[in-house]
Amino acid sequence: MTKSDNGKARSVRIAQEPAADELLGRSPLAALVGMLLDQQVPMEWAFTGPYTLAQRMGSDDLDARKIAAYDPDAFTALFTEKPALHRYPGSMAKRVQQLCQYLVAEYDGRAEAVWTDATTGAELLERLHALPGFGAQKAQIFLALLGKQFDVRPTGWREAAGAYGEEGSHRSVADITGPDSLAEVRAHKQQAKAAARAASRSA
């Protein structure tokens with residue numbers, strides 16, 4: 001996922017923090033964990049989380065096997081240490097550990113194995129949706145992120161990603177390439193929430 005044709009890591013600007021973005025660009029597991037954390041917190045906070053977690057584990061990357069085997073209480077402590085990695089550090093620590101345990105059981109601990117041999121967008125979406133903590137929307141957003149920023153593009157990937165796969169859209173983290181696009185995505189989310197509130201009031 002994270003390597004371009006010349007073997008160098010991808011350049012992404014999702015976390016808006018150079019060290020965190022560098023990790024996201026070279027580590028498939030970091031990207032998955034960032035996507036998992038991306039709920040009920042600002043996107044930059046969520047996608048900086050993998051870098052902070054790696055630092056607290058004394059490493060420059062995340063290791064699914066190490067996380068899967070970590071003592072649950074000690075792993076939760078890594079999340080709750082201030083500054084906390086998430087608004088809900090306890091529950092998200094549990095989800096990250098469950099995700100890594102699933103990757104070990106189903107993909108030999110290799111996050112990129114989820115998508116490297118997927119032949120269609122529908123197949124990849126099904127695999128992503130099966131990951132612990134990945135609902136339908138999160139799976140589609142991550143599929144769009146893979147296609148738009150990491151050139152993981154099996155046949156029909158845009159269709160499988162739904163609206164998030166649309167070219168030129170600013171709906172999700174898949175479309176963030178810097179501060180300006182982050183602002184556009186944030187504005188879109190605020191508009192969507194306002195429209196949902198208005199619809200509920202008129203219902």
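**Entry 1: Leu-99**

I started with Leu-99, which is buried at a relative accessible area of 0%. A reminder to myself before going on: this is a predicted model. I placed Leu-99 in helix α6. Next I asked which residues Leu-99 touches, not counting those up to four places away in sequence. I found Leu-32, Val-33, Leu-36, Leu-131 and Pro-132. I then took one of these partners, Leu-32, and looked up the C-alpha separation from Leu-99: 9.0 Å, for two residues 67 places apart along the chain.

**Entry 2: helix α7**

I moved on to α7, residues 121–129. Which of its residues are buried? My list reads Gly-121, Leu-124, Leu-125, Arg-127 and Leu-128. I looked down the helix axis and saw these buried residues fall within an arc of 160°, so they line one face of α7. I was pleased to note an arginine, Arg-127, among the buried residues. On the face turned away from the buried side I noted Ala-122 and Glu-126, both exposed. Then I checked what the buried residues of α7 pack against, and wrote down α6 (89–107), α8 and α9 (157–161). Helix α6 was already in my notes as the home of Leu-99.

**Entry 3: helix α5**

I gave α5, residues 72–80, the same treatment, and its buried residues are Phe-75, Leu-78 and Phe-79. Down the axis of α5 they fall within an arc of 100°, so here too I can say that they line one face of the helix. I listed the packing partners of these buried residues as α2 (28–37), α3 (43–56), α4 (64–69) and α6. So α6 turned up again in my notes, because the buried residues of α5, lining one face of their helix, pack against it.

I followed the chain out of α5 into the loop between α5 and α6, where Pro-83 has its place. The peptide bond joining Lys-82 and Pro-83 is cis, and I noted an omega of about -5°.

**Entry 4: aromatic rings**

How many aromatic pairs are there? I count five. One of them is Phe-134 with Phe-142, at 6.2 Å centre to centre and with 85° between the planes. I call this pair edge-to-face, because the angle is over 60 degrees. I checked both partners for burial: Phe-134 has a relative accessible area of 3% and is buried, and Phe-142 is buried at 0%. I also found an aromatic cluster made of Tyr-70, Phe-75 and Phe-79. Two of those names, Phe-75 and Phe-79, were already on my list of buried residues in α5.

**Entry 5: the largest pocket**

I turned to the largest pocket and noted a volume of about 600 Å³. Its lining has 20 residues, and those nearest the centre are Asp-38, Gln-40, Met-43, Lys-189 and Lys-193. What is the make-up of the lining in nonpolar, polar and charged residues? I read eight nonpolar, six polar and six charged. I then looked at the helices: α8 (136–150) and α10 (179–202) each supply at least two residues of the lining. Helix α10 gives the most, with six.

**Entry 6: Leu-182**

I stayed with α10 for another residue, Leu-182. Is Leu-182 buried or exposed? I put it down as buried, since 6% relative accessibility is under 20%. Leaving aside neighbours within four places in sequence, I found Leu-182 in contact with Gln-16, Met-43, Glu-44 and Ile-176. Met-43 I recognised from the pocket, where it lies among the lining residues nearest the centre. I also looked up the C-alpha separation of Leu-182 and His-170, which is 8.3 Å for residues 12 apart along the chain.

**Entry 7: positive phi**

Last, I looked at backbone angles in two loops. Gln-40 has a phi near 60°, a positive value in a residue other than glycine. I located Gln-40 in the loop between α2 and α3, and it is exposed, with a relative accessible area of 51%. I had met Gln-40 before, beside the pocket centre in my list of lining residues.

Asp-151 also has a positive phi, near 55°, and is likewise a residue other than glycine. I found Asp-151 in the loop between α8 and α9. With a relative accessible area of 39%, I noted Asp-151 as partly exposed.

Conventions
Residues are numbered from 1 along each chain as its sequence is written. This is a predicted model: local features need pLDDT of at least 70, side-chain atom pairs count only at pLDDT 80 or more; totals for chains, interfaces and linings use all residues. Side-chain values use heavy atoms; hydrogens and water are left out. Rings of Phe, Tyr and Trp (its six-membered ring) pair if their centres lie within 6.5 Å; planes under 30 degrees apart count as stacked, over 60 as edge-to-face and the rest as tilted. Buried means under 20% relative accessible area, exposed over 50%, partly exposed in between (1.4 Å probe, protein chains only). On a 1 Å grid over the protein atoms alone, a cavity is a set of points where a 1.4 Å probe fits but cannot get out, and a pocket is an open set with protein on both sides within 12 Å along at least five of seven lines; lining residues have an atom within 4 Å of a point. Grid points are joined across faces, edges and corners, and a volume is the space filled by probe spheres set on the points. Helices (H or I, at least four residues) and strands (E, at least two) are DSSP runs, numbered from the N terminus. Ala, Val, Leu, Ile, Met, Phe, Trp, Tyr, Cys and Pro count as nonpolar, Asp, Glu, Lys and Arg as charged, and the others, Gly among them, as polar. The arc is that of the directions from the helix axis to the C-beta atoms. Contact means heavy atoms within 4.5 Å.
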